[in-house]
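Trainee: I would like a close look at one part of this model: how its helices pack against each other. Please set that part in the context of the chain.

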Amino acid sequence: MRLIDAHCHFDFPQFEGRRETELEQGRTRGLAGLVIPGVRRSDWGRVRQIALNYDGLSYCLGVHPWFVDEHSDEDLAELRRLLESKPDRCVAIGECGLDRLRGNLDQQWPWFEAQVDLACELGMPLVIHSVKTHDEVHSLLNRRQWHGRALIHGFSGSFQQARKLVDLGCFIGVGGVVTHARANKTRDAIARLPLEALVLETDAPDMAPEGVSKGQNSPRFLPDILDALAEIRGGTPEQLAPVLLDNVSRLYGWSAADIGE
Ligand SMILES: [Zn+2]
């Protein structure tokens with residue numbers, strides 16, 4: 001079984017000194033790689049460096065909605081410049097998006113819009129953070145005539161919301177939420193969506209799955225998310241894994257050779 005964690009903040013200080021061990025432990029359960037999102041300009045260099053340090057790692061560059069107020073137009077120009085240079089292992093723009101529960105939506109909006117436009121222009125996938133803003137994300141993608149591939153990462157919401165985003169071409173990120181029995185609405189959505197639209201992720205060190213303490217999440221728990229997914233949808237983890245690997249490959253534009261097949 002080969003699994004890829006489509007969204008993991010492996011550059012965060014919580015992993016300092018533990019990265020080798022985390023990857024090794026993950027490997028024994030099928031973890032073949034992970035993708036590190038970039039959340040703010042001051043972290044971009046570290047994200048890139050850590051992705052390049054280990055086999056199977058890729059990264060994204062972007063400005064997260066929580067950090068928009070520490071950025072200026074000059075940072076957006078730098079983002080464009082970096083992405084245009086097509087750096088090795090940089091696979092998407094993000095994470096960017098909207099968050100109704102933290103920060104100011106009016107301030108987040110132009111940053112999200114600019115990164116959506118950049119994704120269209122450069123033909124790159126997007127990694128989207130959306131907290132209680134799925135309808136807004138949908139309407140913005142529509143209005144900007146966005147086309148391409150995107151991950152709605154760490155999805156939490158209803159089937160109807162997910163379905164609309166999938167119809168636009170988005171993948172739905174299945175994370176620790178589905179391991180919690182009380183997350184009925186999200187589990188129902190994930191159970192009913194087409195399997196071809198789902199991508200596995202941990203969002204570690206956050207979004208701890210059931211039984212893991214807050215802030216202690218790790219990519220080595222990705223197989224537990226797969227187990228929960230298999231339980232929700234029926235089928236075995238072994239049956240789901242190849243489809244999920246194909247999905248994440250389509251999302252990030254990887255060939256079989258890219259993922260070492
Ligand atoms: Zn994240």
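Mentor: What follows starts with the whole chain, goes through the helix pairs one by one, and ends with two single residues.

Keep in mind that this is a predicted model. The chain has nine helices and eight strands. Its radius of gyration is 17 Å, close to the 18 Å that the globule rule gives for 261 residues, so the chain is as compact as a globular protein of that length. Along the principal axes, the C-alpha trace spans about 45 × 40 × 35 Å. Of the 261 residues, 45% are buried. Now take contacts between residues at least 6 apart in sequence: 73% of them join residues at least 24 apart.

Next, the helix pairs. Two packed helices are described by the angle between their axes and the distance between the axes. We will use both, then look at the residues.

Start with H7 and H8. Helix H7 covers residues 184–192, and helix H8 covers residues 222–233. Their axes come within 9 Å and cross at roughly 75°. An angle from 65 to 115 degrees counts as roughly perpendicular, so H7 is roughly perpendicular to H8. Who touches whom? On the H7 side, the residues are Arg-187, Ile-190 and Ala-191. They meet Leu-229, Ile-232 and Arg-233 in H8. By class, this contact of H7 with H8 has four nonpolar residues, no polar ones and two charged ones.

Stay with H8 and turn to its contact with H9. Helix H9 runs over residues 237–252. The axes of H8 and H9 come within 9 Å and cross at roughly 110°. H8 and H9 are therefore roughly perpendicular to each other. From H8, the contact takes in Leu-226, Asp-227, Leu-229 and Ala-230. From H9, it takes in Pro-237, Leu-240 and Ala-241. The split is six nonpolar, no polar and one charged. Look again at Leu-229: this residue of H8 is in the contact with H7 and also in the contact with H9.

Now H3 and H4. Helix H3 spans residues 73–84, and helix H4 spans residues 105–122. Their axes come within 12 Å and cross at roughly 25°. Angles under 35 degrees count as roughly parallel, so H3 is roughly parallel to H4. H3 passes H4 in a right-handed crossing. H3 contributes Leu-76, Arg-80, Leu-83 and Glu-84. H4 contributes Ala-114, Leu-118 and Leu-122. That contact holds five nonpolar residues, no polar ones and two charged ones.

Finally, two single residues. Asp-135 sits in helix H5, residues 134–143. Asp-135 has 14 C-beta neighbours inside 10 Å, so it counts as partly exposed. Ser-58 is 77 residues from Asp-135 along the chain, and their C-alpha atoms are separated by 29 Å.

Tyr-59 lies in strand E3, residues 57–61. With 25 C-beta neighbours inside 10 Å, Tyr-59 counts as buried, because the cut-off is 20 or more. What does Tyr-59 touch, leaving aside neighbours within four places in sequence? Its contacts are Val-35, Ile-36, Gly-38, Val-47, Arg-48, Ala-51, Arg-89 and Cys-90. Asp-99 is 40 residues from Tyr-59 in sequence, and their C-alpha atoms are 22 Å apart.

Conventions
Residues numbered from 1 in each chain as written. Predicted model: local features only at pLDDT ≥ 70, side-chain atom pairs only at ≥ 80, totals over all residues. Helix = DSSP H or I, 4+ residues; strand = E, 2+ residues; numbered from the N terminus. Buried ≥ 20, exposed ≤ 12 C-beta atoms within 10 Å, placed from the backbone. Axes fitted to C-alpha atoms, helices over the stretch in contact; angles between N-to-C directions. Parallel < 35°, antiparallel > 145°, perpendicular 65-115°, else oblique. Contact = placed C-beta atoms within 7 Å. Nonpolar A, V, L, I, M, F, W, Y, C, P; charged D, E, K, R; others polar. Rg over C-alpha atoms; globule rule 2.2 N^0.38 Å. Left-handed = near helix turned anticlockwise from the far one by under 90°.
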